[in-house]
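Let's take a walk through this model together, one piece at a time. Keep the picture open while you read, and try to find each part as it comes up.

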Amino acid sequence: MSSRRLFISFSLLLFGIVILMIANVLWGSVLISPKSVFEVLFFQHDTLKGESLIIWEYRIPQLIVAVFAGAGLAVAGLLLQTLFRNPLADPSILGISSGASFGVALLLFVTGTFAGTALSSLGWIGTLGISLSALAGAIVVLIFLMAVSSKVSHIVSLLIVGIMIAYLAGALTGLLRFYSRKEDIQAFVIWGMGTFSGVSRSQIPYFVLAVSIGLVSSVFLAKPLNMLLLGEQYAENLGLNTRFATRLIILLAGFLTAIITAYAGPIAFIGLAVPHIARSLFKTSDHLILIPASMATGIILALFCNLIARLPGIEGSLPINAVTSLIGAPFVIAVILRQHRSNTLAS
Amino acid sequence: MTEMLKLKQLQIGYANQGKLKGSVSLTSPIEAVVNKGEMVALTGPNGAGKSTLFRTIAGLHRALGGFVEIDGKSLNTLSLPQMSKLLSVVFTDRIADAYLNVFDVVATGRYPYINQWMKMSRADRQIVHQSMEMTGIAQFASRLFRTLSDGEQQKVLIAKALAQQTPLIILDEPAAFLDYPSKLNLLKLLKQLCEETQKTILLSSHDLEMILRHVDKLWLMAPNLPLIAGSPIQLIENKTIEKYFGVAYEL
């Protein structure tokens with residue numbers, strides 16, 4: 001790809017991000033006129049207290065979470081698809097999000113059954129508790145995976161172990177839900193639907209910092225990832241310590257998934273779909289391009305889904321998980337069909 | 001003559017979870033040498049351990065005992081990056097990526113020489129182009145790798161090995177999926193590389209007829225027999241080939 005086309009493509013993506021950011025601030029389930037939005041953003045207005053609250057406490061935090069969750073999940077998906085050389089790999093494949101779900105289910109069960117309080121009724125303490133338990137569950141799985149990856153020599157074995165962990169955590173979660181109280185199950189279901197509004201304003205800096213560390217680190221893995229495209233044997237012959245690279249990639253993808261799942265719930269699809277979209281947009285396998293391209297595409301998809309989920313006229317906001325799949329799935333099908341057509345034309 | 005590759009009492013096989021006890025040794029200890037600029041073919045029935053031997057020499061598989069020396073340096077003392085500048089490989093693994101083009105694949109041969117931002121110098125690019133020209137694939141430079149035929153893909157991977165600028169190249173069954181003219185082409189190309197650029201080439205093949213005509217030396221391997229090296233004519237005349245393959249063989 002020529003550097004000019006590269007520049008144009010990235011400029012377009014950036015332009016899309018800016019437009020969607022503006023749209024995300026302008027529109028929401030509560031109608032606020034563009035003029036009021038402008039005034040709230042740039043001037044202090046005592047008459048616009050309600051509007052100010054909605055914009056500063058809801059829309060902007062949601063926007064920030066959507067941006068970082070979208071970028072992070074997309075990069076995690078890209079890393080895992082390249083590592084496993086499997087187009088169906090996504091952040092949920094290693095069982096990390098299942099671990100997070102189990103953490104949440106366990107917390108809700110314990111507090112509900114033994115402490116007798118429905119955590120969902122505790123406001124921000126409840127939300128923070130859910131995030132922390134999700135993080136704990138995800139990290140336990142991640143540590144286990146790292147231990148396993150030093151034992152097995154085949155990447156496919158690691159993939160199978162990850163999938164088994166996912167089933168195991170899923171089964172345990174199911175058991176807990178079976179014995180949980182109705183309110184707790186409700187809270188769990190809501191967490192499972194995913195949301196970009198689960199991070200309170202005070203925690204946003206930590207969330208942003210953690211995801212940024214993951215995103216920046218991923219760029220340093222571009223060369224090992226490019227080498228792995230050729231398969232482990234060629235990669236090793238080109239001087240790559242594939243075992244070490246594998247562990248780094250899993251650690252990084254796992255870290256991103258853990259942080260994002262903890263705060264936003266198990267968001268499906270962005271991690272699976274975005275790398276495909278980025279690859280077909282840029283027609284390249286070079287990770288030095290694909291990593292930033294996936295970040296940008298992930299941000300666009302997340303912002304767009306956030307916008308759709310809170311369209312005016314919809315009571316509250318739709319579950320993000322449903323919206324990402326509703327929008328992402330047709331997109332991926334279109335990409336595949338287009339690829340297929342260009343293949344048949346080429347041959 | 002310089003010894004490019006030397007195997008000393010090399011034992012190959014599969015260790016039992018890292019322990020020597022209970023491990024499976026595939027052959028008796030191997031003693032063999034490949035001189036600089038030589039083209040050597042390894043052949044023998046299936047299951048003799050040819051691929052394992054190659055993977056062991058390339059440092060991708062741990063030896064059960066003995067030593068591999070490349071260009072006078074022991075494999076145990078070499079790091080992976082150092083190895084990548086001494087020995088390049090062409091294996092039978094398939095590369096299935098959707099968007100890698102021929103230039104990209106050949107350019108990976110320069111990875112040992114460039115930093116993590118993968119910016120190639122003009123000299124690097126020239127080496128990639130030269131490698132593609134030497135193997136006759138320069139006209140495919142911007143074609144997608146996966147759209148090439150097996151023979152063409154094989155040449156791209158050989159170009160990658162050339163771009164890696166290693167004195168020693170190892171090819172595991174490079175002719176396996178090729179038709180007769182492509183096989184002939186490939187062996188002529190490899191022979192030419194040995195003669196013109198002083199590369200040392202070690203390849204494995206089942207195509208006795210083909211390799212007998214092109215290689216300088218033959219290595220024979222068979223289950224329960226020691227690796228034996230010799231000139232093709234010699235090994236036919238003293239019936240060693242018959243012994244190793246278990247069938248009568250005549251030119």
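## Two domains in chain B

The C-alpha centres of domain 1 and domain 2 of chain B sit 25 Å apart. Keep in mind that this is a predicted model. Domain 1 of chain B takes in residues 1-86 + 167-251, while domain 2 of chain B covers 95-165.

Where do the two domains touch? Ten residues of domain 1 of chain B are in contact with seven residues of domain 2 of chain B. On the domain 1 side of that contact, helix α6 (residues 180-197) of chain B gives the largest share, three residues. Sorted by class, that side of domain 1 of chain B has seven nonpolar, two polar and one charged residues.

## A sheet in chain B

Now look for the strands. Chain B has an open sheet of four strands, in the order β4-β1-β6-β7, and the pairing is antiparallel. Which strands are at the edges? They are β4 (30-35) and β7 (73-74) of chain B, each of which pairs on one side only.

Let's zoom in on one pair. Strand β1 (residues 3-11) and strand β6 (residues 65-70) of chain B run antiparallel to each other, with five bridges between them. If you'd like a spot to click on, try Leu7(B): its bridge partner in β6(B) is Val68(B).

## Chain A, helix after helix

How many helices and strands does chain A have? Count them and you get 14 helices and zero strands. So what about its overall build? The radius of gyration of chain A is 21 Å, close to the 20 Å that the globule rule gives for 347 residues, so chain A is as compact as a globular protein of that length. Along its principal axes, the C-alpha trace of chain A spans about 65 × 55 × 35 Å.

Of the 347 residues in chain A, 49% count as buried. There's also a lot of long-range contact along the sequence: among contacts in chain A with a separation of 6 or more, 80% are between residues 24 or more positions apart.

For a close-up, pick Val40(A), which is in helix α2 (residues 34-42) of chain A. Is Val40(A) buried or exposed? Val40(A) has 22 C-beta neighbours inside 10 Å, so this residue counts as buried. Val40(A) and Glu51(A) are eleven residues apart in sequence, and their C-alpha atoms are 7.3 Å apart in space.

## The nonpolar core

Next, the inside. The largest nonpolar core has 170 residues, and among those with the most contacts inside it are Ala69(A), Val75(A), Val106(B) and Ile170(B). Helix α3 (residues 49-83) of chain A supplies the largest share of this core, 15 residues. Chain B joins in too: each of its domains, domain 1 and domain 2, gives the core at least three residues.

Who does Val75(A) touch, leaving aside its neighbours within four places in sequence? The list is Leu215(A), Ser218(A), Leu256(A), Ile291(A), Ser294(A) and Met295(A).

## Where the chains meet

Finally, find the place where the two chains come together. Here 22 residues of chain B are in contact with 21 residues of chain A. On the chain B side, the elements that give two or more residues are α2 (80-83) and β8 (87-90) of chain B. By class, this side of chain B has 14 nonpolar, five polar and three charged residues.

Methods. Residues numbered from 1 in each chain as written. Chains lettered and ligands numbered in written order. Predicted model: local features only at pLDDT ≥ 70, side-chain atom pairs only at ≥ 80, totals over all residues. Nonpolar A, V, L, I, M, F, W, Y, C, P; charged D, E, K, R; others polar. Rg over C-alpha atoms; globule rule 2.2 N^0.38 Å. Buried ≥ 20, exposed ≤ 12 C-beta atoms within 10 Å, placed from the backbone. Domains from an automatic or database assignment. Core = buried A, V, L, I, M, F, W, Y, C linked by C-beta atoms within 7 Å. Pairing = 2+ DSSP bridges.
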